[in-house]
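Work through the exercises below with the sequence and the 3D view at hand. Each task is followed by a solution in steps.

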Amino acid sequence: MIASLFDELKHAVLEFIGTGTGEFEELAVAIHAFQFANNGPYRSFCDLRKVGEKLGDWTEIPAVPQQAFKVSRLATFPPAEDVREFRTSGTTGEGYGSHCFCDLSLYHAAIEAGWEELKFPTLSRLALTPPPEEAPHSSLSQMMGRLTGRFYLREGRLLEEELRVDLTAASGPVILLGTALAFFNLMEKSLTSLPLPTGSRLMETGGYKGSGRTLSKEAFYAQLTEFFQIESDAIVNEYGMTELSSQFYTHGLGRVHRSGRWLRARVVDPLLGREVEMGQTGMLRLYDLANVGSVLAIQTEDLAVRERDGFLLLGRDPAAVARGCSRSADDSLNR
């Protein structure tokens with residue numbers, strides 16, 4: 001019964017991701033009911049908030065704090081059915097967060113559909129991350145593995161010369177994908193700039209908390225534009241996390257993050273839990289339909305400004321612990 005209902009919801013969300021058939025609100029309420037019935041820790045969380053299986057509106061779905069993934073197995077299936085476990089990189093003595101999957105089809109569909117919405121899926125893709133086989137618990141490496149097979153961070157080494165040769169030989173524009181820390185390492189170690197072919201893009205993700213660096217996004221982008229000889233509008237930022245199956249994207253500076261129809265964001269007052277007014281600042285709360293097997297709604301530790309067609313990301317709450325899927329991917333740089 002559980003497996004058949006999971007498959008039914010999975011196929012409904014795949015259809016929604018692929019064609020838009022269905023309604024976000026109805027799917028969210030149905031997924032909440034499934035997770036309430038089959039995810040014990042989540043049901044206990046809902047009970048504490050006096051929220052039951054049936055809801056009148058999708059905005060009533062309780063949002064689990066990100067930190068909950070460090071203390072509970074938030075899954076609708078037993079460990080024996082795991083096909084993949086993604087982990088956040090916890091700090092010393094803190095432990096890591098864990099997001100388990102019994103099926104990766106939704107995860108892969110969300111990556112590919114989200115990428116197609118960027119409107120440049122035909123560019124050659126190169127990655128400054130470890131390949132999935134070297135980082136099996138990194139959701140970011142898994143994402144990059146769906147997008148490309150060309151990796152320039154292997155066994156803890158940035159393969160700069162190999163990257164330079166391939167860029168020189170490129171027959172057209174490329175998109176270079178990587179974590180902010182990987183780009184920092186490349187720029188710091190290189191003696192000369194590394195121009196990308198005309199029309200190329202760069203996608204960065206993750207920030208650089210936990211690395212000891214303090215640099216504004218404006219200053220970081222200025223370094224990227226000079227080193228890679230591209231415009232700041234050609235730089236894409238990917239916002240995702242281990243606890244999600246989907247991503248948000250923006251480009252350049254000062255622009256809102258957007259996503260596909262299956263992923264929604266609300267900016268809420270941290271004390272009242274209510275959505276703030278347009279243009280006001282609050283904590284980012286995310287609802288990912290592709291998280292059928294875990295938890296649909298997640299309360300992040302990130303500050304954002306509510307905008308009409310997305311959100312303007314301000315960054316992590318200063319009191320929050322440095323964490324995330326990008327730090328997991330970056331671990332190989334610090335061996």
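Contact here means heavy atoms within 4.5 Å. This is a predicted model, in which local features need pLDDT of at least 70 and side-chain atom pairs count only at pLDDT 80 or more, while totals for chains, interfaces and linings use all residues. Residues are numbered from 1 along each chain as its sequence is written, and side-chain values use heavy atoms, with hydrogens and water left out.

**Exercise 1. The cores**

Task: find which residues I61 touches, not counting residues up to four places away in sequence, and place I61 in its core.

Solution.
- Step 1. The residues touched by I61, with those up to four places away in sequence not counted, are A28, V29, H32, Y42, L55, Y287, L296 and A297.
- Step 2. A nonpolar core is a set of buried Ala, Val, Leu, Ile, Met, Phe, Trp, Tyr and Cys residues joined through side-chain atoms within 4.5 Å. Buried means under 20% relative accessible area, exposed over 50%, and partly exposed in between (1.4 Å probe, protein chains only).
- Step 3. I61 is among the residues with the most contacts inside the largest nonpolar core, together with W262, L289 and V292; this core has 46 residues.
- Step 4. Elements giving two or more residues to this core include helix 1 (2–19), helix 2 (24–38) and strand 12 (281–288). Helices (H or I, at least four residues) and strands (E, at least two) are DSSP runs, numbered from the N terminus.
- Step 5. Helix 2 gives the most, with 6 residues.
- Step 6. Another core, of 27 residues, lies apart from it and has L159, L163, M187 and L196 among its members.

**Exercise 2. The open sheet**

Task: state the strand order of the open sheet of 5 strands, then explain why one side of strand 4 and of strand 10 has no neighbour in the sheet.

Solution.
- Step 1. The order is 4-7-8-9-10, and the pairing is mixed. Two strands pair if DSSP finds at least two bridges between them.
- Step 2. Strand 4 (124–128) and strand 10 (248–251) are at the edges and have a single partner strand each, so one side of each lacks a neighbour in the sheet.
- Step 3. Further in, strand 7 (residues 174–179) pairs with strand 8 in the parallel sense over 5 bridges.
- Step 4. I175 lies in strand 7, and its bridge partner in strand 8 is R201.
- Step 5. I175 counts as buried because its relative accessible area is 0%.
- Step 6. Between the C-alpha atoms of I175 and T122 there are 9.6 Å, although 53 residues separate the two along the chain.

**Exercise 3. Two loop residues**

Task: decide whether S190 is buried or exposed, do this for H257 too, and list the side-chain polar contacts of S190.

Solution.
- Step 1. S190 is in the loop between helix 7 (180–189) and strand 8 (201–205). S190 is buried, because its relative accessible area is 11%.
- Step 2. A polar contact is a pair of N or O atoms within 3.5 Å; within protein, one must be able to donate a hydrogen and the other to accept it, and residues adjacent in sequence count only if both atoms are side-chain atoms.
- Step 3. The S190 side chain makes such a contact with the side chain of E160 at 2.9 Å, and reaches the backbone oxygen of L186 at 2.6 Å.
- Step 4. H257 sits in the loop between strand 10 and strand 11 (263–268). H257 is buried, because its relative accessibility is 2%.
- Step 5. The side chains of H257 and N237 make a polar contact (2.7 Å).
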